[in-house]
Amino acid sequence: MRQLTARDRVVLAACAAAVLAATATGYILHARQKAAPATGFTESGTALAAGPAMQALSNGVLSTVSLRDPAGPRVLTSLNCDRAHAAADTVACLTPVDALRGTHLMVLNSKLLPKHDVPLTGFPNRLRVSATGRMVAWTLFIDGHSYNTAGFSTQTGILDTRTGSAVQSLEEFAAFVDGQPHRAADINLWGVTFTDDDNRFYATMSTGGRRYLVAGDFAAKTLRAIAENVECPSLSPDGRRIAFKAAVGGDPANGWRLSVLDLTTMKVTPTAESRSVDDQPLWTDGDTVAYALQRSDGINEIWTARADGTGRPGLLVSGANSPALLSAGDR
Amino acid sequence: MYLSTVDRPRQRLKGAVAANVLALGTVSLITDVSSEMVTAILPVYLVVGLQLSPAAYGVIDGVYTGSTVLLRLAGGYAADRIRRRKAVAAAGYGLSAAAKLGLIAAAGSTTGIGVAIAVDRAGKGLRTAPRDALITLSTPPHRLGRAFGVHRMMDSIGAFAGPLVALAVLSVAGSRSYDAVFVTSFCVAAFGLVVLLLFVRDHANRLAPRSEPVSPRIAAGLLREPAVRRLTGVACLLGLATIGDGFVYLLLQRKAGLSLGWFPLLAVGTSLAYLLLALPIGRLSDRIGRHRVLLIGFLALIIGYGVLLAPIPSTVLIVVVPLSLGLFYAATDGVLMALAGPVLPARLRTTGLALLQTGQAVAYLGSSVLFGLAWQSWGAGDAVAIAVAGTLAAGLAAAFLLRRGVPGPEVVS
């Protein structure tokens with residue numbers, strides 16, 4: 001083989017550059033086409049069976065499932081969420097973090113027209129809309145990704161969609177433990193659930209290695225600890241019970257038992273669900289709570305259990321998480 | 001075999017850098033664009049895209065960097081033994097290019113990604129010493145500082161541009177199209193390999209043709225040379241003084257209350273300082289002595305860590321910290337190689353340079369782990385104070401080792 005001349009080398013290099021540049025450009029344009037449009041959230045044309053429906057995330061896509069036929073066809077939207085919830089005319093979605101954008105709280109109406117868009121910092125974790133659709137509360141992980149490791153840090157905020165005013169962090173509120181003002185740098189708050197008056201709420205507060213159920217007041221900006229070892233509370237429709245996850249043996253490293261607290265007697269009833277539940281439960285009616293579980297193969301499932309601790313857990317929707325009830329009139 | 005007339009060292013224009021150094025610089029520039037565009041998005045891909053904890057990412061990064069460190073020595077020795085430094089360097093560049101395809105093939109499996117990262121680091125380990133040896137073999141000793149300055153400047157232009165290219169790809173392809181970044185990175189790396197194969201010349205012919213082949217015994221003899229021992233000591237001290245840019249940026253972010261989005265920009269700032277300073281510092285090292293410039297590097301590091309303890313406005317910190325890190329790299333990275341080149345016999349040069357790089361890398365691994373532990377146990381402030389004291393001690397020890405300079409024709413006295 002003869003030695004390449006300088007000209008040969010330049011020509012060869014130019015050819016290689018052209019081929020490689022074309023490959024990269026082609027792939028980038030292909031990826032651009034594949035990526036879903038970021039605006040204009042549309043629904044697929046599938047019609048659901050009549051009757052009650054549930055909103056859930058299917059592989060991170062906001063979708064609707066008929067409760068009469070949970071295994072049947074779903075209506076998929078073009079909206080990607082890490083966490084979603086809905087009530088009355090309000091749909092809330094925490095969008096996934098990606099390389100260019102942090103998460104956003106998107107608040108939409110039931111026709112999926114955007115109403116509020118709040119940029120946030122952290123990794124989406126919990127999201128709740130009050131029963132009237134007016135208040136929206138979110139929890140993000142700032143440090144760490146899990147509640148059962150030491151040193152995680154969360155941030156919880158509330159948006160009043162009527163006034164547009166937002167509290168970025170409930171840590172601004174005055175906290176009381178055993179009736180005494182409690183100031184500490186290690187306070188973390190997560191998992192808000194609202195009462196019917198759109199002002200009072202419940203949440204989890206951790207400080208000094210303990211996790212408390214706190215009763216909050218949005219207008220007065222206060223948090224009062226009322227019970228211990230209660231995480232991710234969810235208030236029943238009658239406002240008298242709280243479904244929550246209870247750390248087994250008081251230590252989150254052992255996992256959590258899905259349980260129900262009676263606010264009148266303060267008695268705790270474990271549900272029949274024996275697997276560890278790391279979710280904020282959802283009351284589907286006065287007697288039943290729904291929650292998401294992740295199978296070992298990574299598939300998410302929504303299960304239900306009776307609030308009084310009787311019966312057996314049942315599978316409600318497969319391949320979905322982040323459930324919310326849609327009233328019959330919606331969508 | 002090569003004909004000596006064909007592969008004679010190219011003519012050098014007066015005051016110009018050898019064509020081979022420019023060719024190697026171009027390869028490094030292109031390759032650094034490729035690798036830095038992945039480095040810039042890999043943490044986001046692993047932590048956000050795959051939900052890996054930041055700690056797990058740190059472990060993956062550290063373990064693979066550490067485990068491939070010894071490969072540098074093996075690669076350096078192999079290059080000297082078969083006397084084909086270009087071939088070993090090409091294997092390294094090729095491995096790193098293939099690793100980019102591996103990231104796509106892994107399709108989100110943590111094990112697969114771990115393997116791809118390991119292959120990438122292995123490639124980097126393999127190529128660095130033969131490349132630096134080729135630079136020293138293409139340059140007269142008294143111009144080594146400048147030659148490395150030019151090379152490292154081109155290298156850091158690539159490092160500077162890489163994250164920007166990655167952002168451009170993401171903004172066109174969609175912000176979760178990580179695979180588009182990997183494919184582009186592969187194409188860029190492949191082009192770097194083409195440039196290496198076409199334009200870089202090996203220097204097998206410059207070695208005495210009948211010299212005894214390199215053996216492990218001869219290579220081990222390197223360590224009996226006092227000058228080599230002292231330089232290896234200096235390389236280890238440099239490694240010990242370095243706690244890792246990631247930690248420094250994290251400290252800066254906490255102190256100045258920056259949002260996480262600043263992270264890539266701090267790295268870009270350091271690259272910018274490095275690329276602007278590499279050539280002038282390299283030339284300075286040819287004039288005043290490379291060992292003196294090396295000590296300036298320790299000083300830069302002490303300033304960079306020290307300001308994190310001082311009550312200084314965050315706007316000043318954002319400028320001073322990347323600037324001192326860039327100065328540290330400009331004053332130590334290429335300068336150490338330029339200092340070592342003339343001390344090492346030509347036929348063992350790759351092995352010798354690999355020895356220094358391995359010593360520095362192992363020491364760095366140890367010091368970053370220790371710093372992480374110190375941070376965890378005593379808090380950020382005390383850990384930084386320890387780092388400042390440690391760097392000062394390492395700098396004084398290096399000054400002692402270099403007190404009479406290093407034998408070789410490079411020091412103008």
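This is a tour of a predicted model, going from chain A to its contact with chain B and on to the cores.

**Chain A as a whole**

Begin by selecting chain A and colouring it by secondary structure. It has one helix and 26 strands. Of its 331 residues, 40% are buried. Among chain A contacts with a separation of 6 or more, 42% join residues 24 or more positions apart.

**Strands 1, 2 and 3 of chain A**

Select residues 53–58 of chain A, which are strand 1, and residues 61–66, which are strand 2. The two strands pair in the antiparallel sense over six bridges. For one facing pair, show A:Q55 and A:T64, which stand opposite each other. The two strands form a hairpin with two residues between them. Select A:N59 in that turn; its phi is positive, about 55°.

Now add residues 75–80 of chain A, which are strand 3. Strand 2 and strand 3 run antiparallel and are joined by three bridges. Here A:S63 stands opposite A:L76. Turn on a surface, or show everything around strand 2. Five of its six residues are buried, so the strand is largely enclosed by the rest of the structure.

**A:L62**

Stay in strand 2 of chain A and centre the view on A:L62. Is A:L62 buried or exposed? It is buried, because 25 other C-beta atoms lie within 10 Å, and 20 are enough to count as buried. Which residues does A:L62 touch, leaving out those up to four places away in sequence? They are A:Q55, A:L57, A:T77, A:L79, A:C81, A:A84 and A:C93. To check one of these, draw a C-alpha to C-alpha distance from A:L62 to A:T77: it is 5.6 Å, across 15 residues of sequence.

**The sheet of strands 4 to 7 of chain A**

A:C93, one of the residues touched by A:L62, leads to the next stop. Select strand 5 (residues 90–94) and strand 6 (residues 104–109) of chain A, which pair in the antiparallel sense over five bridges. The bridge partner of A:C93 in strand 6 is A:M106.

Widen the selection to the open sheet of four strands, whose order is 4-5-6-7 with antiparallel pairing. Strand 4 (83–87) and strand 7 (114–119) are its edge strands, and each pairs on one side only. From one strand to the next the twist averages 15°.

**The sheet of strands 18 to 21 of chain A**

Further along chain A is an open sheet of four strands in the order 18-19-20-21, again with antiparallel pairing. Strand 18 (231–235) and strand 21 (268–270) are at the edges with a single partner strand each, so one side of each has no neighbour in the sheet. Neighbouring strands of this sheet are turned by 30° against each other on average, direction ignored. Inside it, select strand 19 (residues 241–247) and strand 20 (residues 256–262), which pair in the antiparallel sense over seven bridges. Show A:A243 and A:V260, which stand opposite each other.

**Helix 1 of chain A against helix 7 of chain B**

Select residues 6–34 of chain A, which are helix 1, together with helix 7 of chain B. The helices pack at an angle of about 175°, with axes 9 Å apart. They are roughly antiparallel, because an angle over 145 degrees counts as such. Show side chains on both helices: the contact includes A:L12, A:A16, A:L20 and A:Y27 from helix 1 of chain A, and B:V183, B:C187, B:F191 and B:V194 from helix 7 of chain B.

**The nonpolar cores**

The largest nonpolar core has 137 residues. Select B:V181, B:L294, B:A331 and B:L336, which have the most contacts inside it. Helix 7 of chain B (residues 178–199) supplies the largest share of this core, 15 residues. Centre on B:L336: beyond its neighbours within four places in sequence, it is in contact with B:A235, B:L238, B:L294 and B:L356. Another core, of 75 residues, lies apart from the largest one; among its members are A:A137, A:L170, A:Y212 and A:L235.

**Helix 10 of chain B**

Finish with residues 245–256 of chain B, which are helix 10. How far apart are its end C-alpha atoms? They are 16 Å apart, which agrees with the 16 Å that its 12 residues should span at 1.5 Å a residue. Its buried residues are B:F247, B:V248, B:Y249, B:L251 and B:L252.

Technical notes
Residues are numbered from 1 along each chain as its sequence is written. Chains are lettered from A and ligands numbered from 1 in the order in which they are written. This is a predicted model: local features need pLDDT of at least 70, side-chain atom pairs count only at pLDDT 80 or more; totals for chains, interfaces and linings use all residues. A residue is buried if 20 or more other C-beta atoms lie within 10 Å of its own, exposed if 12 or fewer, and partly exposed in between; C-beta atoms are placed from the backbone. Two residues are in contact if their C-beta atoms, placed from the backbone, lie within 7 Å. The expected span of a helix is 1.5 Å times one less than its number of residues. Two strands pair if DSSP finds at least two bridges between them. Axes are lines fitted to C-alpha atoms, for helices over the stretch in contact, and angles run from 0 to 180 degrees between N-to-C directions. A nonpolar core is a set of buried Ala, Val, Leu, Ile, Met, Phe, Trp, Tyr and Cys residues joined through C-beta atoms within 7 Å. Angles under 35 degrees count as roughly parallel, over 145 as roughly antiparallel, 65 to 115 as roughly perpendicular and the rest as oblique.
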